[in-house]
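Reader: Hello! I would like a close look at the aromatic contacts in this model, and then at the pockets. Could you take me through them in one go?

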Amino acid sequence: MASHRRPKQPSRARVTVLTTAAAAAVAISSQAANAAPSEKPSKDEVKAKVDKLYEQAEHATEEYNGAKEKQGKLQKEISTIQDNVARGQEELNELRDAMGLAAAAQYRTGSIDSSLQLFLSSDPDDYLDKASTADQLSAQQVDSLKKIQQKQRELSQQRAEAADKLKDLSATRTELGKKKKEVQAKLAEAQKLLNTLTAAEKAAMAAEEERASRSSAERVDLGNAATGSGRAMAAFQAAQSKIGSPYVYGASGPSSFDCSGLTSWAFAQAGVSIPRTSQAQASYGTRIYSQSELKVGDLVIFYGDLHHVGFYAGNGQILHAPRTGTVVRYESINNMPFQFGVRI
């Protein structure tokens, strides 16, 4: 006979848990349905973020330029040292050959002394340290041995110096690669943000920049502006000839530039060699802390870390290579935090 047991009723605690879980699930589902989708950043917000990334990229660019300049100097110094070592080794070989010929001549005559025998069988340093029989040598032979010893010391020092500079060069190359990656990462991040804009928004941004640049160009009045020296004006005019050239990080002309690449190139056209980086250029001439005292052709340094430089163009305007995505152009001096001018 079949058993007719009553089905087991769920416990009150279990019912409470299930009810609470169901209510929570409904609430979460309701919140998800009613939640507003994440808002797309506005054009102005994107521009502010992109400008900040470009500023960071330019800071890294100047460090990249510094490492690149240091690499070039080290390579030249190492090459010079290596040339000196090669010439020194030739001189040492000639001195040794001369001593060898003298010893051979004495050997043939049967008059070779014990001191020369010692020299031929051991290092000259040992010889001069231990040469209690130096009086057996002629004055000319003693002088030759001393020259050999001095030349050996010089070569040893030069080789050690070259080795140190090669280590420094290796570290500089590592730093160069690191800064290059840092710049590229910042630029890629900025481009990713720009890609979120519509074509119309991008066009509007470009139009705003074009209007600002045109307004600055119209305000430049060289006829009524105080001008710098002939060399400074020649450099400024060289920079003017590059208006419209694209900004490219690490570039120093003649077809593209970064900020310090433009200023160093322009001064080179005027026959003046100035350092490559904005930080180094900031310490190269006489500092001018008042904007009212600036003259056309003075360098103008921006930001607390001195990572941007341009030319003063008169009437509160500058001529510079601003950042990636722009060209050499005029802008208001007030667009960036002014630090001081530099009169070369």
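Which residues form one aromatic cluster?

Author: Happy to! The cluster is made up of Phe236, Phe267 and Phe311. This is a predicted model, where local features need pLDDT of at least 70, side-chain atom pairs count only at pLDDT 80 or more, and totals for chains, interfaces and linings use all residues. Numbering runs from 1 along each chain as its sequence is written, and side-chain values use heavy atoms, with hydrogens and water left out.

In total, the structure holds six aromatic pairs (ring centres within 6.5 Å, taking the six-membered ring of Trp). One of them joins Tyr64 and Tyr249, which counts as edge-to-face (planes over 60 degrees apart) because the ring centres lie 5.6 Å apart with the planes at 70°. This pair links distant parts of the chain, 185 residues apart. Tyr64 sits in helix H2, residues 43–109 (a DSSP run of H or I, at least four residues), while Tyr249 is in the loop between helix H7 (230–240) and helix H8 (259–269). Tyr64 has 10% relative accessibility and therefore counts as buried (under 20%, 1.4 Å probe); Tyr249, at 18%, is buried too.

Phe302 and Phe338 make another edge-to-face pair, 6.5 Å from centre to centre and with 75° between the planes. Phe302 belongs to strand S2, residues 299–302 (a DSSP run of E, at least two), and Phe338 to strand S6, residues 338–343, so the contact ties together parts 36 residues apart in sequence. Phe302 and Phe338 are both buried.

Now for the pockets. The largest pocket (an open set of 1 Å grid points that fit a 1.4 Å probe, with protein on both sides within 12 Å along at least five of seven lines) is lined by 19 residues (an atom within 4 Å of a point). Nearest its centre lie Lys47, Asp51, Arg323, Arg329 and Glu331. H2, helix H6 (199–219) and strand S5 (329–332) each give two or more residues to this lining, and the largest share, six residues, comes from H2.

The second largest pocket has 15 lining residues, with Ala206, Glu209, Arg323, Gly325 and Thr326 closest to its centre. Here the elements giving two or more residues are H2 and H6, and H6 gives the most, with six residues. Arg323 is thus listed among the central residues of the largest pocket and of the second largest pocket.

Terms used. Phe/Tyr/Trp six-rings, centres within 6.5 Å; stacked < 30°, edge-to-face > 60°. Buried < 20%, exposed > 50% of the residue type's maximum accessible area, 1.4 Å probe, protein only.
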